[in-house]
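Reader: I would like to learn how the words used for a protein model are justified. Could we go through them slowly, with the reasoning spelled out?

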Amino acid sequence: MKAYDLAELAVRNLRESVLRNSLTTVGISVGVASLVAMLSLGIGLQQLATKRLVKSGLFDTVVVTSRRDLRNFNREEDRGGPTPAESPALDEPSRQKIEQLPNVTETYPDLRFITSFNFEDKPHLTMVAGIPASYRTNDAFEGMQGSFFSSDTAPEVVLQKSFAAELLGKTAKPGSNEFPVADLSKPLLGKEMTMRYAERVDLPPTSGALADSKQVAPPAGNDSSEASNYSIVSHELKVKIVGVTDLDPDSMRGPVRARVLLPLKLLESLHVVQPTALRDTTQASSKVPTYATVSVRVKDPARIQSVEDAIKKMGFNTFSILDATRSLGAFFKVLDMFLGIFGSLALAVASIGIVNTLVMAILERRREIGIMKAIGASDGDVKKLFFAEAGVMGAFGGALGVALGWALGRVINAGTNFYLRSQDVAPQQIWFVPWWLVGGAIVFAILVSLVSGLYPAARAARLDPVQALRYE
Amino acid sequence: MIDSPDPKLQNTVQAIRTQSVCRHYPMGESLIRAVDGISIQVPAGEFVALLGTSGSGKSSLLNLVAGLDRPTSGAVVVEGKDLARLSREDLARHRLHTVGMVFQSFNLIAGMTVIENVELPLRFAEVDRRRRESLARAALERVGLGHRLRHRPSELSGGEQQRTSLARALINRPKVLLADEPTGNLDSHTGTEIMNLIQEFNQSLGMTIVMVTHERALAEQYAERLIFLADGKLVDDKPNTPNVAAVPSEGARA
């Protein structure tokens, strides 16, 4: 029989006992719905967990440190490299060289130091970090109150909300809810505070070997090549508070959370003394800036490994979050699998329903099968017809089930968000139905139905027409 | 090929030939010999009636010729093919193309309209939709049901149902028409109409007809040959002169 005729006959036969077949189809759809709801929940949770990480740039960032720092993140593999003394310095030329590597979109030094701010005549000590302009599009600043820096050199700061709370003299009790960012930002936005910092001023080689650290620097414009001598000059800078954020975008990168963020270019221009500067005095390097760490952003997380390898070849240590998230991925794979198995249980029950319906149909349509055989239907025709009926029920059940699962997911999502809101937590999308799941669920439903149809179809095909026609 | 016991018959084309055909069913401890060593030959174009009481084996023999059943032993050769040696697939093809069947209880599919019932064999023959429709229409017009195409079998009278089933048997232009008590469920007037149609197929299309009946009068009225069975065995086989000339039935417009 032709496929079209087969489908037409199958649909016609299903319509003949519409109630029973509809119930069976609903059974399949409930199975598919539970599968879709479970998997979409798993996928949604996974996306929720990784979205911020991906968008914050952690997945496409390689952190580069100098071997001279003796800070080996990947100790095992780096043991064979050059000894710290022989390895290159992580300075401006190195940074530019890294930037020339293929697939690298951006490199910037990681500038952070501890200093104090005066706000309304009270000093507050905290960690400061420089933020490159590319962070403007970073989703870690989602939900920030106020605005991003007006320019890359503007004397403006974005506060982390715990520091904002400290400035306002509010302290959250442990365990209690934190203050909403909006409440904290209102009295602070637009206000000024004063940052104290220590500037490194290089001395000409002719001047005294060890100058008093409080000595005022000679006028600028001195382009001496020897930089091992420098003095530290205390400065103050008035900065304007333009934003308050509830997240530190770098929280996974540095050992200490920076609570005040400044434009990176501005911070670089201040020549603040870095911890590495001390070592420079003993190693007599040039006056070019040297960095403790450089962050390298890669075009695509898939290229991380090749970029890391290239940087390692240059003699630096590297670290990326990718290794750390591999186990996260494995966790979600297992979670998806378990959710899938639970979802499939309902579908397995539904498939028993298909077998039952079709076996019943054989008993009921014994005579019809006999007639079809008497007028020339082959075993194969009868088998295919029952297969087609199972397949059509699977297709309808699958489509209905996807719709049902989608609705179910929405309800679960809405319910969860209602609960989250009652707990003062921002609503989240914990449910996501990708297109492959829609198509996959329908195909899976059809496959399960066809497998369920195997036995009834074979039984119908074997039916003896003489016996079948004898019944009146 | 099996040698014919009667050399005279070898000259004519045999539509059906059985050679010591047996069909035995085990029934509990005993063995039912429904067909027990019957050898008959039916030349192409002959109208044969199989007569006997119920349980004489006439329907069982018909099922063997139809390819609905397989003989326990012996040979059943229809249009040159020994059905005992055909695969299940080839037997289905035999039922589809070589023989057409009508039954006492019509055996129409209740869920399908008249025209759908008639074109069903064409679906199995993979004839495309348009051609199917026109062939089914023509067959129904031939049996005088051109105006009842979209009705369900339950909306038809018994005679109309049997006409539908005749149209269905006719649709694939089979060489042999097998009729199992075709008038058994009909009143005598309607039965006559159906018999006239069958006789017309025999005469105008040259179809070989094998009709099972227990009504001797009906058989003598239409058949050219009467074969009597009892207890699965052939008891008599004699020519007959039908005493009714072919009269087109009221509904037939062929």
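Author: Let us begin with pairing: two strands pair if DSSP finds at least two bridges between them. This is a predicted model, and in it Thr65(A) stands opposite Thr293(A) in E10(A).

Reader: What makes strand E1 of chain A and strand E10 of chain A a pair?

Author: Five bridges join E1(A), residues 61–66, to E10(A), residues 293–298, and since the requirement is at least two bridges, these strands count as paired. They run antiparallel, and besides the threonines, Val62(A) stands opposite Val296(A) in E10(A).

Reader: How do you know that E2(A) pairs with E10(A) as well?

Author: The reasoning is the same kind of step: E2(A) and E10(A) are joined by five bridges and run antiparallel, where at least two bridges are needed. Here Thr107(A) is the residue that stands opposite Val296(A) in E10(A).

Reader: Which strands make up the sheet in chain A, and what makes some of them edge strands?

Author: The sheet is open and has four strands in the order E2-E10-E1-E11, with antiparallel pairing. Strand E2 (104–109) and strand E11 (316–320) of chain A each have a single partner strand, so one side of each has no neighbour in the sheet, and that places them at the edges. From one strand to the next, the twist averages 25°.

Reader: Which helices lie across this sheet, and at what angles do they run?

Author: Helix H4 (residues 92–99) of chain A lies across E1, E2 and E10 of chain A and runs at about 165° to E2(A). Helix H9 (residues 304–313) of chain A lies across E1, E2, E10 and E11 of chain A, and its angle to E11(A) is about 160°.

Reader: Why is the span of helix H12 of chain A called close to what is expected?

Author: H12(A), residues 379–422, has 44 residues and reaches 63 Å from its first C-alpha to its last, which is set against the 64 Å expected at 1.5 Å a residue. After H12(A) comes Asp424(A), whose phi is positive, near 60°.

Reader: Turning to chain B, why are helices H3 and H5 called roughly parallel?

Author: Helix H3 (residues 114–124) and helix H5 (residues 158–170) of chain B pack at an angle of about 30°, with their axes 7 Å apart. Angles under 35 degrees count as roughly parallel, and therefore H3(B) is described as roughly parallel to H5(B). Their crossing is right-handed. On H3(B), the contact is made by Val114(B), Asn117(B), Val118(B), Leu120(B) and Pro121(B), and on H5(B) by Thr164(B), Ala167(B) and Arg168(B); these residues divide into five nonpolar, two polar and one charged.

Reader: How do you know that H5(B) and H6(B) are roughly parallel to each other?

Author: The axes of H5(B) and helix H6 (residues 188–204) of chain B come within 9 Å and cross at roughly 15°. The limit is again under 35 degrees, and H5(B) and H6(B) are therefore roughly parallel to each other. This crossing, too, is right-handed. Gly158(B), Gly159(B), Gln162(B), Leu166(B) and Leu170(B) in H5(B) meet Thr190(B), Glu193(B), Ile194(B), Leu197(B) and Phe201(B) in H6(B), a contact that divides into five nonpolar, four polar and one charged residue.

Reader: What makes E7(B) and E8(B) a parallel pair, and where do they belong?

Author: E7(B) and strand E8 (residues 176–180) of chain B pair in the parallel sense over four bridges, and at least two are required. In E8(B), Leu177(B) is the bridge partner of Gly100(B). Both strands belong to an open sheet of six strands in the order E7-E8-E9-E4-E10-E11 of chain B, with mixed pairing. Its edge strands are E7 (99–102) and E11 (233–239) of chain B, each of which pairs on one side only, and the twist averages 15° from one strand to the next.

Reader: How many residues of chain B are in contact with chain A, and which element gives the most?

Author: On chain B, 19 residues are in contact with 18 residues of chain A. Helix H2 (88–98) and H3 of chain B are the elements that give two or more residues to this side, and H2(B) gives the most, with five residues. The residues on the chain B side divide into eight nonpolar, four polar and seven charged.

Terms used. Residues are numbered from 1 along each chain as its sequence is written. Chains are lettered from A and ligands numbered from 1 in the order in which they are written. This is a predicted model: local features need pLDDT of at least 70, side-chain atom pairs count only at pLDDT 80 or more; totals for chains, interfaces and linings use all residues. Axes are lines fitted to C-alpha atoms, for helices over the stretch in contact, and angles run from 0 to 180 degrees between N-to-C directions. Angles under 35 degrees count as roughly parallel, over 145 as roughly antiparallel, 65 to 115 as roughly perpendicular and the rest as oblique. A crossing is left-handed if the near helix is turned anticlockwise from the far one by less than a right angle, and right-handed if clockwise. Two residues are in contact if their C-beta atoms, placed from the backbone, lie within 7 Å. Ala, Val, Leu, Ile, Met, Phe, Trp, Tyr, Cys and Pro count as nonpolar, Asp, Glu, Lys and Arg as charged, and the others, Gly among them, as polar. The expected span of a helix is 1.5 Å times one less than its number of residues.
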